[in-house]
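I opened my notebook to a fresh page for this one. Come along and look things up with me.

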Amino acid sequence: MSQAPSPLETTQGYHPPTVTQFSVFLVNKVGKMLDLVEHFEGTQCKIYALSVHEASDHAVVRLVTNNASKAREILKADGFPFSKRDVLVVELSGKHTLGTMCLSILAAELSIQFAYPLMIRTIHGHPSMALAVDDLTLAGQLLRRKDFTLLGEADLSKPD
């Protein structure tokens, strides 16, 4: 969980907490999504966010889990083609709305490449968004200055 910076802390060298997103490439056929999610069933690796982008011959499924190294093992062992990238997970609550988050990012002239909600409530019980931007560090600094809570994988790994 992100804490407010101390008076002596600077943003130089700051790296926001991030989570790993996997983009899994599936043939666009009936049952392929079920095949993918069943590989995670019964494991310690839980899917916490999912977004599907479909084209005529394939689909890209974006996943955020509570355990990136285990997710990588599952995907690799089961032959799913995938790529990965870091994304921010931003908690939304009270004055920290989707609109104020977008406004904060826009004020820095950063682009939101994509965003999608997590399927779980965070440890504070609030909804949250996975967010891909063109500069994670700058976006993380801006959101932190606006008192948004940024979550990392360790925050998602906490027991229910």
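**Entry 1: one helix and its two sides.** I am working with a predicted model. I began with helix H2 (residues 68-77), asking which of its residues are exposed. I found Ser-69, Lys-76 and Ala-77 exposed on the other side of H2, away from the buried residues Ala-68, Ala-71, Ile-74 and Leu-75. Looking down the axis of H2, I saw those buried residues fall within an arc of 120°, so they line one face of the helix.

What covers the buried residues of H2? My list includes strand S3 (58-65), helix H1 (32-38) and helix H5 (153-156), along with S1 and S4. I also noted Gly-79, just after H2, with a positive phi of about 75°.

**Entry 2: charges on the helix.** Next I looked for salt bridges and counted 1. How far apart, N to O, are the side chains of Lys-70 and Glu-73 in their salt bridge? I wrote down 3.8 Å. Lys-70 and Glu-73 are 3 residues apart in H2, so about one helical turn separates them. I then checked how open each partner is: Lys-70 is partly exposed at 31% relative accessibility, and Glu-73 is partly exposed at 48%.

**Entry 3: aromatic rings.** I searched the whole structure for aromatic pairs and got 2. One of them joins Phe-22 and Phe-82, edge-to-face, with 5.7 Å from centre to centre and 65° between the planes. This pair links distant parts of the chain, as Phe-22 lies in strand S1 (residues 19-27) and Phe-82 in strand S4 (residues 82-91), 60 residues apart. Is each ring buried or exposed? I have Phe-22 down as buried, with a relative accessible area of 1%, while Phe-82 is partly exposed at 25%.

Then I turned to Phe-114 and Tyr-116, whose ring centres are 6.3 Å apart. Their planes meet at 15°, so I logged the pair as stacked. Phe-114 counts as buried at 13% relative accessibility, and Tyr-116 counts as buried at 4%.

**Entry 4: a charge over a ring.** I stayed with Phe-114 for a last look and asked what sits over its ring. I found the charged end of Arg-62 there, 3.5 Å from the ring centre. My page for Phe-114 now holds two partners: Tyr-116 in the stacked pair and Arg-62 over the ring.

Notes. Residues numbered from 1 in each chain as written. Predicted model: local features only at pLDDT ≥ 70, side-chain atom pairs only at ≥ 80, totals over all residues. Heavy atoms only, no water. Phe/Tyr/Trp six-rings, centres within 6.5 Å; stacked < 30°, edge-to-face > 60°. Helix = DSSP H or I, 4+ residues; strand = E, 2+ residues; numbered from the N terminus. Buried < 20%, exposed > 50% of the residue type's maximum accessible area, 1.4 Å probe, protein only. Lys NZ or Arg CZ within 6 Å of the ring centre and 35° of its normal. Salt bridge = Lys/Arg side-chain N within 4 Å of Asp/Glu carboxyl O. Arc of directions from axis to C-beta. Contact = heavy atoms within 4.5 Å.
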